[in-house]
Amino acid sequence: MSPSRNSGLHIKELSVTYKDGQLALGRVNLSVPEHSIYTILGPSGSGKSTLLRTIAGLIKEYQGEILFDGISVHTQEPLIGLVPQSYGLLPWKTVHANINMAMKISHPYRNQRQSQEQQIQHWLAAMGIADLAKRYPLSLSGGQQQRVAIARAFALEPTIMLLDEPFSALDAVTRETIQRLFLENWIAHPATTLFVTHDVEEAILLGEKIIVMPSNKENHQVLIDNDHVFRIKHEDKRDSDDFFQQTKRIRKVIQEQW
Amino acid sequence: MNNKKSHHVLRLLLVFVSMNVIWYIAYVLINHSILPSPLAVYSSMGHLEGKKVWLDVCYSLFRIFAGVLLALTIGMSIGLLMGRSRIWNKLLDPVVYLTYPIPKIALLPVVMLFFGLGETSKILMIMLIVLFQVIISVRDGVKAIPDSTYDVLTSIGASALQKFWHVTLPGALSVILSTIRISLGTAISILFFTEIYGTEHGMGFFIMDAWLRMDYTEMYAGIMLFSLVGFVLFLLVDYLDYRFMKWRN
Ligand SMILES: Nc1ncnc2c1ncn2[C@@H]1O[C@H](COP(=O)(O)OP(=O)(O)OP(=O)(O)O)[C@@H](O)[C@H]1O
Ligand SMILES: [Mg+2]
């Protein structure tokens, strides 16, 4: 497949109004090329979750268009790897069963039990939780649950990956570890990815581009190029000059937009 | 863990033994054939003509299982419908609200009028007792599952059946089990009433038959056996709870 003008995720004039008449998301225009990762920054209530939920097919009523490779996601839903803020694990299933079930549902016609088993083992190991396979989610720490949720999303081999403030409940150290693990794995298997965060540093560490949502839903989003920071080796990013400059720049945009 | 369990068993045994001691003291004090000694009752339990008693136990168990199963099937369907659909809840809620407080035992004569004295009315009575509890607890259990629990499944295109199987049913199972536990006691009492008439089999019949023949030792033996069956049923529910609710701790 050669990349065409249509490839990737395209969102045109998307707006969502909830039943109570509340405008949750106003006129979003956004293009994410295939195999890119964009981070989304925005104040509380600016519609970040609503945007992800609409793309994920959880909100069916919206105005505007969401296209993937030129086809509306309404007609042909691409495979979604969703990582909600609350992890979205079923408490009554073990770590292994949670991933296994999601894989079976998303790939109903694939019938190679052995390779599926290998996949699960691979992703558990990749997220550093191989020893947790038989545990139940309620017996895990928040950081461990988040690793499971991310392992599950990767194991689905999704076309689009959507992460909604996945690390916001974690302490700083755990958070850095999981950020690194996530990014390493993403680079090896880059799905088209939207990553919502309210943390400026996280947005700069993980995004090729950064989308800043305005608090006024009539205004347009601001798209900030972050490629030069993204390409720095992850260990060195935080201490780099580019990272520092980018932080300053984004803080300024935020001050104007929020 | 194991230590805790053996302590629990020890406590149960202790209570059981003390109850028998009290019984024995009462037997000595009353000194009348209406209360035989526990030893006599236990030895008569051993001498009950094996097959006949097992047939009675099987009849009773069948009625309980059939009634509970029926109540679960119907109650879960209605409870799920009410828990998942706002319209159905609005429609059925007043019906449940109005019929729930009716003491179901009062319906016994009605059920007998409509369905006769046979098997059907016995099973129906048990079903009626359990049904309303199941409906209400399943509805509330399903409602208590946060919407977000379904999100990941919905996002990967799971069917309604898959969501039911992986989320709704296991999510409501805990309340279903505790409902069964609570209604089982009532169901067994009702069973006793219904087995007094229109049957030659069942534990209720066995006890009342011994009473009519004034064979009090056998009557008490029947009561003990009936209690034992109830106890085993409770253990069964406990086992199910242990088996399916491991994830809670
Ligand atoms: N189910 C709902 N019904 C009605 N309004 C809603 C619902 N969910 C969200 N909203 C409203 O939509 C707007 C956007 O909410 P959303 O959750 O998308 O914001 P967010 O950017 O994710 O915020 P946060 O950073 O706090 O998670 C808010 O004004 C919110 O009150
Ligand atoms: Mg949100």
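In this predicted model, A:Trp123, A:Phe154, A:Phe167, A:Phe182 and A:Phe195 come together as one aromatic cluster. Counted over all chains, the structure holds eleven aromatic pairs, and two of them are described below, followed by charged side chains placed over rings and by the surroundings of ligand 1.

**Aromatic pairs**

- Within the cluster that includes A:Phe167 and A:Phe182, these two residues form an edge-to-face pair, with 6.4 Å from centre to centre and 70 degrees between the planes.
- This pair links distant parts of the chain, since A:Phe167 lies in the loop between β7 (160-164) and α5 (172-188) of chain A, whereas A:Phe182 belongs to helix α5 of chain A, 15 residues apart.
- Both members of the pair, A:Phe167 and A:Phe182, are buried.
- In chain B, the rings of B:Tyr24 and B:Tyr27 have centres 5.6 Å apart and planes at 50 degrees, and the pair therefore counts as tilted.
- B:Tyr24 and B:Tyr27 are three residues apart in helix α1 (residues 2-30) of chain B, which means that about one helical turn separates them.
- B:Tyr24 is partly exposed, at 40% relative accessibility, and B:Tyr27 is also partly exposed, with a relative accessible area of 28%.

**Charges over rings in chain B**

- The charged end of B:Arg84 sits over the ring of B:Tyr150, at 4.3 Å from the centre of that ring.
- The charged end of B:Lys5 is likewise placed over a ring, that of B:Tyr242, and lies 5.9 Å from its centre.

**Surroundings of ligand 1**

- There are 13 residues around ligand 1, and those that come nearest are A:Ser44, A:Gly45, A:Lys48, A:Ser49 and A:Thr50.
- Sorted by class, the shell around ligand 1 consists of seven polar, three charged and three nonpolar residues.
- Helix α1 (residues 48-55) of chain A provides the largest share of this shell, namely three residues.
- Oxygen atoms of ligand 1 lie at short listed distances from several side chains: an N or O atom in the side chain of A:Thr50 is 2.5 Å from an oxygen atom of the ligand, a polar side-chain atom of A:Gln22 is 3.1 Å from one, and for an N or O atom in the side chain of A:Glu165 the distance to a ligand oxygen is 3.3 Å.
- Taken on its own, ligand 1 has 640 Å² of accessible area, and the protein covers 63% of it.

Technical notes: Residues are numbered from 1 along each chain as its sequence is written. Chains are lettered from A and ligands numbered from 1 in the order in which they are written. This is a predicted model: local features need pLDDT of at least 70, side-chain atom pairs count only at pLDDT 80 or more; totals for chains, interfaces and linings use all residues. Side-chain values use heavy atoms; hydrogens and water are left out. A residue is near a molecule or strand if one of its heavy atoms lies within 4 Å of it. A polar contact is a pair of N or O atoms within 3.5 Å; within protein, one must be able to donate a hydrogen and the other to accept it, and residues adjacent in sequence count only if both atoms are side-chain atoms. Accessible areas come from the Shrake-Rupley method with a 1.4 Å probe; for residues, only the protein chains shown count as cover. Helices (H or I, at least four residues) and strands (E, at least two) are DSSP runs, numbered from the N terminus. Ala, Val, Leu, Ile, Met, Phe, Trp, Tyr, Cys and Pro count as nonpolar, Asp, Glu, Lys and Arg as charged, and the others, Gly among them, as polar. Rings of Phe, Tyr and Trp (its six-membered ring) pair if their centres lie within 6.5 Å; planes under 30 degrees apart count as stacked, over 60 as edge-to-face and the rest as tilted. Buried means under 20% relative accessible area, exposed over 50%, partly exposed in between (1.4 Å probe, protein chains only). A charge sits over a ring if NZ of Lys or CZ of Arg is within 6 Å of the ring centre and within 35 degrees of the ring normal.
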